[in-house]
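User: Can you walk me through this model? I'd like a few quick questions and answers on how it is put together.

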Amino acid sequence: MRRHALPLRLLLLAGSSLLAALAFTGCGTANKDATHKMIVSVRDQRLLLVRDGKPVKSYKISTSKFGIGDRTGSNCTPLGRLEVSRKIGDNLPAGAVFKQRRPTGEVIRPDAPGRDPIVSRILWLRGTEPSNSHAFARCIYIHGTAEERCLGTPASYGCIRMSGRDVIDLYNHVGVGADVFVIPDSLASAQTGASAPAAASAPAAAAAPAAATAPAAATVQAAATASSGTTAHASATSHTGTTAHASTAHATTAHAATAHARNSHGGATGRAGATAQASTSPKRVAPTPTPAPTKRHS
């Protein structure tokens with residue numbers, strides 16, 4: 001029994017050690033926080049917390065005073081997409097001091113003279129891209145700083161620093177596996193870039209029915225206008241033509257009447273003139289026959 005009990009105990013110990021190792025490295029975490037994302041702007045020196053695609057809160061931070069990069073020993077802040085690999089510091093008070101990721105039991109106040117330890121909380125980051133693949137081994141964290149007076153300017157040795165109160169608030173919001181995007185540009189440009197495709201798609205989608213409706217409406221209106229115009233034109237033309245024709249016929253009739261009147265007047269005048277001329281011309285008197293000479297007797 002003793003021969004079998006020892007190997008069994010060793011197997012259980014090895015299994016628990018393996019689970020602890022997986023928990024330490026953050027590997028094999030099934031419950032990845034896909035709800036929250038963090039955007040770190042080197043230009044703005046601010047961190048934006050996003051939940052379900054909507055901005056929640058913005059925090060003042062400090063990135064590296066040595067610039068950006070991921071080379072080992074550079075003390076630079078790496079760019080690109082990272083993720084939260086481990087969370088350290090549950091239930092510790094603000095200002096709790098860490099050494100090699102272990103609480104020392106000391107608690108200090110913000111801006112304590114001559115002190116610059118890691119305090120309050122640690123979010124250990126792991127790179128997901130070739131450009132930040134050394135981040136985990138370089139111990140790049142989001143953590144609290146005692147030098148809160150320096151926040152808003154690049155002041156760290158590669159990590160992303162926050163105030164004790166802010167890092168505790170962020171720690172309580174996000175889970176292991178949450179994405180962290182470190183960008184060189186401003187948060188405004190990042191939000192504009194993210195919303196542009198949606199904004200471009202939405203008007204296009206909204207414009208499509210309008211575009212489809214507009215020609216139809218224009219066609220209907222054009223058809224109505226054309227029909228109305230044709231009817232009006234036809235009506236006007238018909239009316240005008242009829243009126244003109246009637247007027248022409250009337251004019252023709254009037255002309256004929258005038259001609260007739262003229263003819264009648266001319267005829268009457270001619271006759272009257274002839275009569276007048278006849279009445280004014282001297283009458284021709286038939287010559288009186290001359291009596292035959294009488295024969296005289298001698």
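Analyst: Here are some notes on the strands, the cores and one loop residue. This is a predicted model, where local features need pLDDT of at least 70, side-chain atom pairs count only at pLDDT 80 or more, and totals for chains, interfaces and linings use all residues. Residues are numbered from 1 along each chain as its sequence is written, and side-chain values use heavy atoms, with hydrogens and water left out.

User: Which element gives the largest share of the largest nonpolar core?
Analyst: A nonpolar core here is a set of buried Ala, Val, Leu, Ile, Met, Phe, Trp, Tyr and Cys residues joined through side-chain atoms within 4.5 Å, and buried means under 20% relative accessible area (1.4 Å probe, protein chains only). The largest one has 23 residues, with M38, L47 and L170 among those with the most contacts inside it. Its largest share, four residues, comes from α2.

User: Which strand joins β8 through five bridges?
Analyst: Strands are DSSP runs of E, at least two residues, numbered from the N terminus, and two of them pair if DSSP finds at least two bridges between them. On the parallel side, three bridges join β8 to β9, and H143 stands opposite R161. The antiparallel partner, with five bridges, is β7.

User: What is the relative accessible area of S133?
Analyst: S133 sits in the loop between β7 (118-127) and β8 (141-145). It counts as partly exposed, the class between under 20% (buried) and over 50% (exposed), because its relative accessible area is 45%.
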